[in-house]
Amino acid sequence: MFKRIALFLATNLAVLALLSVVMAVLQSMGIRLEGTGQLLVFAAVFGFGGSLISLMTSKWIAKRSTGAHVIEQPRNESEQWLVNTVRRQAEAAGIKMPEVAIYDGPEINAFATGPSRNNSLVAVSTGLLRAMNRDEAEAVLGHEVSHVANGDMVTMALIQGVLNTFVIVLARVVGRVIDSYLSGNREGGPGIGYYVIVFVLDMIFGLFASMIAMWFSRHREFRADAGGARLAGRDKMIAALQRLSQTYGESTLPKTVQAFGISGAVGHGLRRLLMSHPPLEERIQTLRNAPVEQVRGTVVS
């Protein structure tokens, strides 16, 4: 929890520093950002810009950060099975064949990423290949292929862009109001107090924005589980989640792709609100309670 908050604070410091530099450069060029409309445009450029750049580079970053080996020519029967299974599921889901990769990680995990449904990567850990049987691994692959087919990477990037824009604008609008009240409506530009207030508001609003993003992330995990059940079978998907619950370990995935893995952290209270994945027991129970028509067939909605 403390590592997450520290990372959040460090990220916001970097964003604020970058915003300050850019705004100073624009003002030196005679461009003012005093109106709410101008601020909204500026915030949208930064808010969506970062998310879209992250989305477009997601495959490259995932490969570099995990050291994943992309299977271009299967070297053994296990790699051939992985490629064949993903190809079959991708065809059933109506998407272009993703790249398939293996990364070195002791825990049971897998992830999917990429800028679009037809330009994606599905990767599994070496720990998953060692600990899961073929039926369970097939269900995990179906879960990840469903993430791709559902367009979850794009949707998450757009949601994050909206939230980033909201935080940037609201923090500065509210900051102006508070600074004006505290300073007695003084003349001239904002003082140092304004920037301190904005920084604190960035932290507060950013925390709430993260909660909203993680709420959606947990919701899409249930959809991906249902998709995995349709592609591989409900019993296989439940068995895979049960295996995860029995052998769960600390994820070695980088922060940039953890939200797209099949395993998530375990937490309570405030930490639960910042979890990208719902508890495994809830996911298992949801699959068991789902109507048969929701987990039958091979078409991912």
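Let's start with the sheet. It is open, built from 4 strands, and the order is β1-β2-β4-β3. The pairing is mixed. Keep in mind that this is a predicted model.

Which strands sit at the edges? They are β1, residues 69-70, and β3, residues 110-116. Each of these two pairs on one side only.

Take the β1 edge. Its partner is β2, residues 99-103. The two strands run antiparallel, and 2 bridges join them. For a residue to click on, try His69: its bridge partner in β2 is Ile102.

Now add a helix. α4 covers residues 77-93 and lies across β1, β2 and β4. Here β4 is 119-125. Relative to β2, α4 runs at about 140 degrees.

Next, a helix pair. Two packed helices are described by the angle between their axes and the distance between the axes. Our pair is α8, residues 192-232, and α12, residues 280-289. The angle is about 50 degrees, and the axes are 10 Å apart. Angles from 35 to 65 degrees fall in the oblique range, so α8 and α12 are oblique to each other. As for handedness, α8 passes α12 in a right-handed crossing.

Which residues meet there? From α8, we have Glu221, Phe222, Asp225, Ala226 and Ala229. From α12, the list is Glu282, Arg283, Thr286 and Leu287. How do the residues of this contact divide? There are 4 nonpolar, 4 charged and 1 polar.

So, two places to look on screen. One is the open sheet, with α4 lying across β1, β2 and β4. The other is the oblique pair, α8 and α12.

Terms used. Residues are numbered from 1 along each chain as its sequence is written. This is a predicted model: local features need pLDDT of at least 70, side-chain atom pairs count only at pLDDT 80 or more; totals for chains, interfaces and linings use all residues. Side-chain values use heavy atoms; hydrogens and water are left out. Axes are lines fitted to C-alpha atoms, for helices over the stretch in contact, and angles run from 0 to 180 degrees between N-to-C directions. Angles under 35 degrees count as roughly parallel, over 145 as roughly antiparallel, 65 to 115 as roughly perpendicular and the rest as oblique. A crossing is left-handed if the near helix is turned anticlockwise from the far one by less than a right angle, and right-handed if clockwise. Contact means heavy atoms within 4.5 Å. Ala, Val, Leu, Ile, Met, Phe, Trp, Tyr, Cys and Pro count as nonpolar, Asp, Glu, Lys and Arg as charged, and the others, Gly among them, as polar. Two strands pair if DSSP finds at least two bridges between them.
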